[in-house]
Every structure is written in C-alpha cells, then in structure tokens.
Amino acid sequence: MSSNPRPLEGLRVVEVSSFVASPLCGLTLSQLGAEVIRVDPIGGGADVNRWPLTADGHSIYWTGLNRGKKSVTVDFRDPGGQKSVQDLVIDSGPGGGILVTNAGGRSWMSHETLSARRSDVITLELLGRTDGTPGVDYTVNAALGFPAITGPTDYAGVVNHALPAWDIACGLYAALAITAAVRRREQTGSGAQITLPLEDTALAIAGALGYLTEPQLGGGTRPATGNDVYGTYGTDFVAADGGRFMLVALTPRHFRGLVEMTGTGDAVAAVERALGADFSTEDDRYIHRGVLTPLFAAWFARHTTAEVEAGLATASVLWERYRTFDEVVESGVLERNPLFGELDQPGIGTYLAAGLPARFDGAHLFAGPAPDLGSSSGF
C-alpha cells in the first residue's frame with residue numbers, strides 16, 4: 001500500500017442527491033480521499049429503500065453508492081434546515097465550498113445564493129434533460145436511439161439496456177468536473193457554477209462514437225446487429241452442452257487464430273476466393289460475417305464447454321464465456337482481484353466491495369462502509 005495521501009484529501013464535498021449519477025460522483029470523490037457529506041431529508045430521500053433489499057429490508061443499492069460518506073438529515077422545508085445546509089457548504093475552510101446535487105430548483109441552495117456568501121463556491125447541478133426538465137437514464141436512452149438497435153435482429157420492437165450507462169457516465173463526468181473546478185480554484189481563486197444534464201452526457205458520447213455523425217453525413221441510422229460487433233468480426237457461439245461464448249477477432253492475427261482453432265482454413269479460403277474478399281481486412285470480415293459464422297459455429301456445436309475453453313485458452317482470439325452474476329461470484333474472481341476488499345456494512349453484512357478501479361502508486365483506494373441515515377454529527 002502507498003503511504004502517500006489520497007489525491008483529494010482535504011476536500012469537503014456536500015452532496016444533496018439521490019439515485020445513481022450524483023451519488024456515484026460522491027462515491028468516486030470519497031474513494032479519492034474527499035470528505036463527502038450526504039444530506040437527505042428527514043426519513044431519507046427517494047432512493048433510501050430502493051431495490052435490491054436484504055431480507056430484513058436494508059437497501060443494498062443505497063449502501064453500495066454511499067460507502068465512505070457521512071450522513072446528515074435536515075428538514076428541507078424549514079428555513080433553519082435550509083440555512084444549516086448552506087452553512088455546511090460554505091463554512092468548511094479552503095477545501096470546502098463544494099456542492100453536488102441533482103435536487104436543483106431550490107433557490108436557497110442555488111449557486112447565486114451560495115456564492116453571495118462565499119465567492120469561490122463550486123456548485124455542480126445534475127439535470128435530466130438539456131432544458132432542465134426531468135429525465136432519467138431510461139427516458140434519455142429511449143429518446144436517443146439505442147433501444148431501436150438493441151436486441152435480436154429478428155425482433156421489431158425496442159430493447160432497453162439493463163445497465164444505466166448514462167447515469168454512470170454522468171456521475172463520472174461530474175467527479176471529473178469537480179476535480180477540474182477545484183484545480184482552477186487553486187490556480188485562480190475562482191469558484192464555478194457547473195450544470196451537467198444527463199441528456200447532454202448521452203448525446204456527447206453518442207456523437208463521439210459516431211452514432212449521431214453517420215446520419216448527419218447521409219449514412220442513416222446504424223443498423224441493429226444483434227450480438228454481432230459492429231464494424232469488425234465478433235459474435236457469440238454455443239457449445240454442444242449449451243455453454244455460450246463471445247469471441248472478437250479485431251486483428252488478422254485474431255482471425256487466423258479462430259480459423260486455426262476451428263480447423264476451417266480450407267473452407268474460409270474457399271469462401272474468400274468465391275466472394276473476392278480479403279479477410280485480412282476488418283471490412284470484409286464484418287461484411288461477410290453471415291457466411292463465416294456458420295463455418296465456425298459447426299466446430300463449437302461439436303465440442304463441450306470444457307473443450308471449447310481448452311481450445312480458446314491457446315488460440316489467438318479474444319474471448320470469454322457468458323456468465324451470470326452468481327457464476328462470477330462463485331468463480332472466486334472477487335477474492336483473487338485486489339480491486340475488492342472485505343467490507344463490514346452494518347445492516348447488510350460482510351462482503352467484498354470494489355475500490356476505485358484506478359490504482360494510485362500500485363494500490364486501489366477504498367471507501368469505508370456507508371453510514372446509517374442521519375448518523376453523522378458535529379457539523
């Protein structure tokens with residue numbers, strides 16, 4: 001373990017938030033060493049009992065996103081409670097003056113109100129839609145286009161994603177924005193008013209990955225490809241006993257490894273000649289995937305899961321077997337990965353919790369257990 005202080009030690013961040021993006025921002029800052037104080041209404045916010053729950057009703061979700069924080073509760077309707085939140089933000093020395101919230105629209109904790117009391121205050125407000133109206137991950141995603149190209153290619157409907165990708169990206173963008181604002185404040189003494197809409201996060205990433213650029217340039221909407229990887233050769237295969245594998249051949253070397261393992265060299269060469277294709281290029285491997293995949297699939301269908309894994313272990317191709325969350329836990333990967341450390345979470349129990357994925361000086365940074373709601377004092 002490194003003896004160096006955590007990168008954000010000395011910072012105090014007040015978080016008035018709920019659900020995913022804003023608490024994830026606070027969790028990330030906490031893992032990096034900031035003192036993060038979550039402020040909730042008395043009785044808890046809208047996410048205090050969000051699923052999944054333990055058998056006795058404790059929210060696994062809430063504790064997971066609030067590890068390492070402190071917790072205070074106030075009456076947001078009471079002027080005295082409102083002032084106590086303001087004081088918590090502005091009266092915390094040179095490392096304080098930072099507010100993260102997705103509970104905007106309250107004049108008493110607006111940037112204008114807080115900056116009148118502390119000129120170098122940093123506020124970050126997470127919004128739903130660009131115009132400030134409400135929006136959540138699933139509604140933003142529906143309006144963007146991804147559900148229309150997700151799911152089986154023979155299914156005419158839309159398929160929502162299970163992972164709240166935009167919430168996650170927005171929370172991490174928020175943590176980055178806070179650290180950038182702190183850096184600027186250290187250099188100039190200036191505070192910052194930051195707004196970060198969930199919708200803009202999704203639009204920015206969709207644009208950077210080309211999903212929104214193609215239609216602008218006349219290419220139209222990207223087609224649905226099911227489990228095939230767009231633009232290269234990658235798809236899923238099923239073993240004789242039902243085991244399912246995802247393979248990706250990004251490079252000519254990967255593709256050769258797949259051909260060699262499946263013993264399809266002659267057949268692939270014949271197809272290449274017949275089509276006038278060049279399978280050393282990503283373009284042709286992708287374009288002709290409908291012909292190539294059945295050649296490889298026949299080999300998988302003749303071998304058991306164990307035999308496929310043994311073959312792939314020495315093949316030059318990217319692969320992994322599809323697993324359930326139960327199988328991941330049972331595999332022992334959490335115990336073997338230093339990303340995870342044992343956490344004794346009151347109300348939940350002892351389990352392996354992930355630290356910050358980035359390693360600082362060779363070590364992951366961990367946050368302690370989540371507090372009991374409203375249990376912190378002395379502020």
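Author: Two strands count as paired if DSSP finds at least two bridges between them; strands (E, at least two residues) and helices (H or I, at least four) are DSSP runs numbered from the N terminus. The model is predicted, so local features need pLDDT of at least 70 and side-chain atom pairs pLDDT 80 or more, while totals for chains, interfaces and linings use all residues. Residues are numbered from 1 along each chain as its sequence is written, and side-chain values use heavy atoms, leaving out hydrogens and water.

Reader: OK, which residue does valine 248 stand opposite in strand 9?
Author: Start with the sheet: it's open, has 3 strands in the order 7-8-9, and its pairing is antiparallel. Strand 8 (residues 244–249) and strand 9 are joined by 4 bridges. Across from valine 248, in strand 9, you'll find leucine 318.

Reader: And at what angle to strand 8 does helix 9 run?
Author: Helix 9 (residues 252–262) lies across strands 7, 8 and 9. Angles here run from 0 to 180 degrees between N-to-C directions, with axes fitted to C-alpha atoms, for helices over the stretch in contact. Against strand 8, helix 9 comes out at about 135 degrees.

Reader: Which strands stand at the edges of the sheet with the order 3-2-1-4-5-6?
Author: That one is an open sheet of 6 strands with parallel pairing, and its twist averages 20 degrees from one strand to the next. Two of its strands have a single partner, so one side of each has no neighbour in the sheet. Those are strand 3 (70–74) and strand 6 (192–197).

Reader: What packs on that sheet, touching strand 4, strand 5 and strand 6?
Author: Look around strand 5 (residues 122–127), which is joined to strand 6 by 6 bridges. Touching means a contact, heavy atoms within 4.5 Å. The packing element runs at about 160 degrees to strand 5, and it's helix 6 (residues 165–188).

Reader: How far apart are the axes of helix 6 and helix 7?
Author: Helix 6 and helix 7 (residues 198–208) pack at about 100 degrees, which makes them roughly perpendicular (65 to 115 degrees). Trp166 and Tyr173 of helix 6 are among the contact residues, as are Leu198 and Ile205 of helix 7. The distance between the two axes is 9 Å.

Reader: Last one: which residues of helix 12 are buried?
Author: Buried means under 20% relative accessible area (1.4 Å probe, protein chains only). What covers the buried residues of helix 12 (289–301) includes strand 7, strand 8 and helix 9. The buried set is Leu292, Thr293, Phe296, Trp299 and Phe300.

Note on methods: Buried means under 20% relative accessible area, exposed over 50%, partly exposed in between (1.4 Å probe, protein chains only). Angles under 35 degrees count as roughly parallel, over 145 as roughly antiparallel, 65 to 115 as roughly perpendicular and the rest as oblique.
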